[in-house]
Amino acid sequence: KDLARVGAQRLLPFEVADKNDCFDQSVRSWRKALFSMFASSPEQLVMEQETEQFAEVMEERLQLEAVASGKVAAPLTDHFLRSGYQNCKISLNKELCLQTTADSPSVRQILVERPDGTPYACGDHLEVMPKNSDTQVMRACMRLGCHSDSLVVVKASSGTEDELPQGQTLSIGDILTHYVDLQALPSQETLASLVKLASKSQEVQALRHLSEVKEDSEYDKWKSKCLSILDVLEEFRSISIGFSRFVEVSPRIHPRLYSIASSPLLRGSTVELCCRVAQYTATPLNQQSARTGLCSSMLAAAESVICRVKEAPHMRLPEDYSKPIACVCGGTGLAPFFGFLQERDALRKQGIHTGIVHLYFGCRNEVDFLHKSQLEK
């Protein structure tokens, strides 16, 4: 923007690449546009496009050393608590949708104890730390040939911002539960890092194809299978990988943001969530498998959750209470606007004049009509 103000001309649009979602594909598209503009000759551009390129192999930095069973492990959740998260109780967890069939969508109304000393405003988020289920953790242990109660000490960290706490003694089960995302789609960098760990030539070749970076790649097609790192290890049985390397190359668990569906004027000691349980179909070994989202399925059965309030300054009611507002949403997108409605209603009960709220809420049928009785008042 500063350059544009002094007369510079933008040659390419600003692009953002998310390292947790299609990073290589975003970079490829940008590089193609860049080389089309700056290649010194058509031959150079053709050479750039035709050269085989593979995703980078992830560096080996993480060192997890086995320790005697007499040691005491520090809960990995303590690491999160030192980072501002709190373990908060859930006082209400009920179904909002009418469950008419086995495949009816599940949307949960969840009341979470507000983190101590943390105010919130309408429109803010609750940042939730997910965890893997015991079933997934045991599945990982079986494939890796390790025990969940075995202990390791972090001798050298991975050098990333979400690294394990160095010098801490942790249990393998705790790391698999709270650190490694056992359901996320592996990146091309992950697959490239597994190539040299496979012993069968057919599997080596298949992994190399999946890690090749190009337009309309095998990886682009493979992503539609929605496979996890465990699916990959169970399909490519010749891969021999130690626990440290598995943790290092696997996707990380990242916090999820949920819009708070309440007003502090109505629910001062709790925050309300409106959470749809994500459902999808994976095809490991060409067999369809119904699965649910990591965080949403955890919340649906949770009695407590590790979380913190995250401000959303772009999502605020007008400071002038008398201003009318229009809200447009569908499904669980209702959440922040439901908080807005609670806020305006609480202000009116205090005798404060408020502007009218127009809510345009999309749903497919009566089953999806969330908070119907309250919205129709």
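1. Leu126 stands opposite Tyr258, a residue of strand β7. This is a predicted model, and the pair is a convenient place to start reading it. The two strands concerned are β4, made of residues 125–128, and β7; they pair in the antiparallel sense over four bridges.

2. The pair of strands belongs to a wider arrangement. An open sheet of six strands runs in the order β7-β4-β11-β2-β3-β8, and its pairing is antiparallel. At the edges stand β7 (256–259) and β8 (270–276); each has a single partner strand, so one side of each is left without a neighbour in the sheet. Direction ignored, neighbouring strands of this sheet are turned by 40 degrees against each other on average.

3. A loop next to one of these strands deserves a look. Ala301 lies in the loop between helix α12 (294–300) and strand β11 (304–310). Is Ala301 buried or exposed? Ala301 counts as exposed because its relative accessibility is 65%, and the cut-off for that class is over 50%. How far is Ala301 from Asn93 in space? The C-alpha atoms of Ala301 and Asn93 are 7.8 Å apart, although 208 residues separate the two in sequence.

4. There is also an open sheet of three strands, with the order β1-β5-β6 and antiparallel pairing. Its edges are β1 (63–66) and β6 (169–171), each with a single partner strand, so one side of each is left without a neighbour in the sheet. From one strand to the next, the twist averages 40 degrees.

5. Within the sheet of three strands, β1 pairs with strand β5 (residues 151–156) in the antiparallel sense, over four bridges. One position can be named on each side: Leu64 stands opposite Val154 in β5.

6. On cysteines: how many disulfides are there? The count comes to zero. A disulfide is a covalent bond between the sulfur atoms of two cysteines. For Cys141, the closest cysteine sulfur is that of Cys146, at 4.2 Å, which is too far for a bond because the cut-off is 2.5 Å. Cys141 is buried, with a relative accessible area of 3%.

7. Cys327 is in no disulfide either; the nearest cysteine sulfur belongs to Cys329 and is 7.3 Å away. Cys327 is buried, because its relative accessible area is 2% and buried means under 20%.

8. On the surface, Leu11, Met37 and Phe38 make a nonpolar patch of about 310 Å². Met37 has its place in helix α2, which covers residues 23–38. Its relative accessibility is 39%, so Met37 counts as partly exposed.

9. For the protein as a whole, the secondary structure comes to 14 helices and 13 strands. Buried residues make up 43% of the 377 residues. Taken along the principal axes, the C-alpha atoms fill a box of roughly 75 × 65 × 45 Å.

Terms used: Residues numbered from 1 in each chain as written. Predicted model: local features only at pLDDT ≥ 70, side-chain atom pairs only at ≥ 80, totals over all residues. Heavy atoms only, no water. Pairing = 2+ DSSP bridges. Axes fitted to C-alpha atoms, helices over the stretch in contact; angles between N-to-C directions. Patch = residues over 30% accessible without salt bridge, like charges linked within 9 Å, V, L, I, M, F, W, Y side chains within 5 Å. Areas by Shrake-Rupley, 256 points an atom, 1.4 Å probe, with all protein chains shown as cover. Salt bridge = Lys/Arg side-chain N within 4 Å of Asp/Glu carboxyl O. Buried < 20%, exposed > 50% of the residue type's maximum accessible area, 1.4 Å probe, protein only.
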